[in-house]
Amino acid sequence: MLRRLLLLSIVLLLLATAGSYLVLRPPAPLAVPAPGASFDKVILVIPGAGRRGPFSLEVEGARISSIDPPRGEAPALYVLPGLADAHMHGPSVPLPGHRQLFALLNLYHGVTTVRMAAGDNRMREEIAAGHYPGPRVLSCGPFLDGPGSIWRSAR
């Protein structure tokens, strides 16, 4: 009886582990959008000056190329400046897809520029190479620490 209970416990633990992996795994990364886009009937949110619009907005590369009167009857969208996070630490969990998920979550919450406090620059290099979408990543260099640091990249 004890042996069966132990075996049942192990099977349940394995099922719980597999189930939690399926639930907690990051989603597949999104494709990097093609440069240039057109948006109609957008409201521009200008910090300190309120809302203006609606307008038709053309984007070339990473910049707004023209703002014109609206052309159609599309639903209203809001356009506002991106947020910047001036002190960010990258994902520290070395699981597959976490850098991509971390980058995507920044964009999802409106953060378009981050300043990495220190450490690994892989996320910056992968985003710049177009491997997955993410914010512009600025880096301030390695960790500065005393003797016997626990950080591999520290000086």
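Two strands are said to pair if DSSP finds at least two bridges between them. With that definition in hand, good morning, and let us turn to the structure. Please keep in mind that this is a predicted model.

Strand 1 and strand 2 pair in the antiparallel sense, and seven bridges link them. For those new to the topic, strands of a sheet pair through backbone hydrogen bonds, and the pairing may be parallel or antiparallel. One bridge joins V42 to its partner F55 in strand 2. Strand 1 and strand 2 also form a hairpin with three residues between the strands, and in this hairpin G48 adopts a positive phi near 85°.

Strand 2 covers residues 50-60, and P54 has its place there. The peptide bond that joins G53 and P54 is cis, with omega at about 15°.

What is on the other side of strand 1? Strand 1 pairs with strand 4 in the parallel sense, over three bridges. I43 has Y78 of strand 4 as its bridge partner, and V42 stands opposite L77, also of strand 4.

We can now assemble the sheet. Four strands make an open sheet in the order 3-2-1-4, and the pairing is mixed. Strand 3, residues 63-68, and strand 4, residues 77-79, are at the edges; each has a single partner strand, so one side of each lacks a neighbour in the sheet. From one strand to the next, the twist averages 50°.

Let me now consider two residues of strand 1 more closely. The first topic is K41, which is found in strand 1. The phi of K41 is near 60°, which is a positive value in a residue other than glycine. Is K41 buried, exposed or partly exposed? Its relative accessibility is 25%, and K41 therefore counts as partly exposed.

The next topic is D40, found in strand 1, which spans residues 37-46. D40 is buried, yet it has no salt bridge. Which side chain of opposite charge is nearest to D40, and how far away is it? The nearest is R71, at 4.6 Å. A salt bridge requires a side-chain nitrogen of Lys or Arg within 4 Å of a carboxyl oxygen of Asp or Glu, so the D40 and R71 side chains do not qualify. There is nevertheless a contact that involves the backbone: the backbone nitrogen of R71 lies 2.8 Å from a polar atom of the D40 side chain.

Let us step back to the protein chain as a whole. Its secondary structure comes to three helices and seven strands. Read along the sequence, these elements follow the pattern α-β-β-β-β-β-α-β-α-β. The C-alpha trace spans about 75 × 50 × 30 Å along its principal axes. The radius of gyration of the chain is 23 Å, whereas a compact globule of 155 residues would have a value near 15 Å. Of the 155 residues, 16% count as buried.

One last residue illustrates distance within the chain. G148 is found in the segment after strand 7, which covers residues 136-139. G148 has a relative accessible area of 75%, and it is therefore exposed. How far apart are G148 and P54, in sequence and in space? They are separated by 94 residues in sequence and by 58 Å in space, C-alpha to C-alpha.

To close, I return to the starting point: strand 1 pairs with strand 2 in the antiparallel sense, and with strand 4 in the parallel sense. Thank you for your attention.

Technical notes
Residues are numbered from 1 along each chain as its sequence is written. This is a predicted model: local features need pLDDT of at least 70, side-chain atom pairs count only at pLDDT 80 or more; totals for chains, interfaces and linings use all residues. Side-chain values use heavy atoms; hydrogens and water are left out. Helices (H or I, at least four residues) and strands (E, at least two) are DSSP runs, numbered from the N terminus. Buried means under 20% relative accessible area, exposed over 50%, partly exposed in between (1.4 Å probe, protein chains only). Lys and Arg count as positive and Asp and Glu as negative; His and the chain ends are not counted. A polar contact is a pair of N or O atoms within 3.5 Å; within protein, one must be able to donate a hydrogen and the other to accept it, and residues adjacent in sequence count only if both atoms are side-chain atoms. Axes are lines fitted to C-alpha atoms, for helices over the stretch in contact, and angles run from 0 to 180 degrees between N-to-C directions. The radius of gyration is taken over C-alpha atoms; the globule rule is 2.2 Å times the number of residues to the power 0.38.
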